[in-house]
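Me: I would like to go through this structure one question at a time, with each answer reasoned out before the value or name is given.

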Amino acid sequence: MEHTTTLLLLVSLLPLSSAITCWQCASTDGKICPEESKSFTSTTHDACITWRLGNGTILLQNLVNAQDECTDEKVSFWSQFVDLYYKTYGGSVSCCYTDQCNDGQSAFNLYPKPFTP
């Protein structure tokens with residue numbers, strides 16, 4: 001009994017792994033996002049990302065690491081890239097930080113999130 005109690009105590013002290021669930025989809029080869037997106041859960045990512053054209057059409061939904069992909073510089077760069085590559089205006093890239101927040105219907109421009117490196 002003591003062994004079981006000790007084991008339960010030790011297990012309860014282990015840190016819980018955090019995971020995020022995001023939608024994944026890329027508007028390529030005739031795929032339409034968000035209608036054809038699939039939900040994925042990851043313990044190695046901490047944010048969801050969405051790329052949109054200025055008219056709201058979703059180009060990409062994915063899992064990312066916020067520290068790498070959700071900085072003001074990266075979001076600004078990729079937003080400009082969307083406009084240049086697709087020859088549009090008003091393209092946006094946004095990050096969000098809760099499960100399935102990149103569903104294609106949530107508010108635009110959910111970045112930045114304060115985080116400490």
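Me: Is lysine 87 buried or exposed?
Reply: In this predicted model, lysine 87 sits in the loop between helix H3 (72–86) and E5, and its phi is positive at about 50 degrees although it is not a glycine. Because the cut-off for exposed is over 50% relative accessible area, and the relative accessibility of lysine 87 is 74%, lysine 87 counts as exposed.

Me: Where does glutamine 100 lie, and what is its relative accessible area?
Reply: Glutamine 100 is a non-glycine residue with a positive phi of about 55 degrees, and it belongs to the segment after E5. Since partly exposed covers the range between under 20% and over 50%, glutamine 100 falls into that class, its relative accessible area being 33%.

Me: What is the order of the strands in the open sheet?
Reply: The sheet is open, has five strands and shows antiparallel pairing, in the order E2-E1-E4-E3-E5. Its edge strands, each pairing on one side only, are E2 and E5, and the twist from one strand to the next averages 30 degrees. The order asked for is therefore E2-E1-E4-E3-E5.

Me: Which residue is the bridge partner of arginine 52 in E5?
Reply: Strand E3 (residues 47–52) pairs with E5 in the antiparallel sense, and five bridges join them. Within E5, the bridge partner of arginine 52 is serine 92.

Me: How many residues of strand E5 are buried?
Reply: Strand E5, which spans residues 92–96, is an edge strand of the sheet, yet both of its faces are covered. On one side Ser92, Ser94 and Cys96 are buried, and on the other side Val93 and Cys95 are buried too. The number of buried residues in E5 is five of five.

Me: At what angle does H3 run to E5?
Reply: Helix H3 lies across E3, strand E4 (58–64) and E5. Phenylalanine 77 is found in this helix and is partly exposed, with a relative accessible area of 48%; together with Phe81, Tyr85 and Tyr86 it forms a nonpolar surface patch that has about 430 Å² of accessible area. The angle at which H3 runs to E5 is about 145 degrees.

Me: Which peptide bond is cis, with omega near 5 degrees?
Reply: The loop between strand E1 (20–26) and strand E2 (38–42) holds proline 34, and E1 and E2 themselves pair in the antiparallel sense over five bridges. The cis peptide bond is the one from cysteine 33 to proline 34.

Key
Residues are numbered from 1 along each chain as its sequence is written. This is a predicted model: local features need pLDDT of at least 70, side-chain atom pairs count only at pLDDT 80 or more; totals for chains, interfaces and linings use all residues. Side-chain values use heavy atoms; hydrogens and water are left out. Buried means under 20% relative accessible area, exposed over 50%, partly exposed in between (1.4 Å probe, protein chains only). Helices (H or I, at least four residues) and strands (E, at least two) are DSSP runs, numbered from the N terminus. Two strands pair if DSSP finds at least two bridges between them. Patches are made of residues with over 30% relative accessible area and no salt bridge: like charges are joined within 9 Å, nonpolar side chains (Val, Leu, Ile, Met, Phe, Trp, Tyr) within 5 Å. Accessible areas come from the Shrake-Rupley method with a 1.4 Å probe; for residues, only the protein chains shown count as cover. A salt bridge is a side-chain nitrogen of Lys or Arg within 4 Å of a carboxyl oxygen of Asp or Glu. Axes are lines fitted to C-alpha atoms, for helices over the stretch in contact, and angles run from 0 to 180 degrees between N-to-C directions. Contact means heavy atoms within 4.5 Å.
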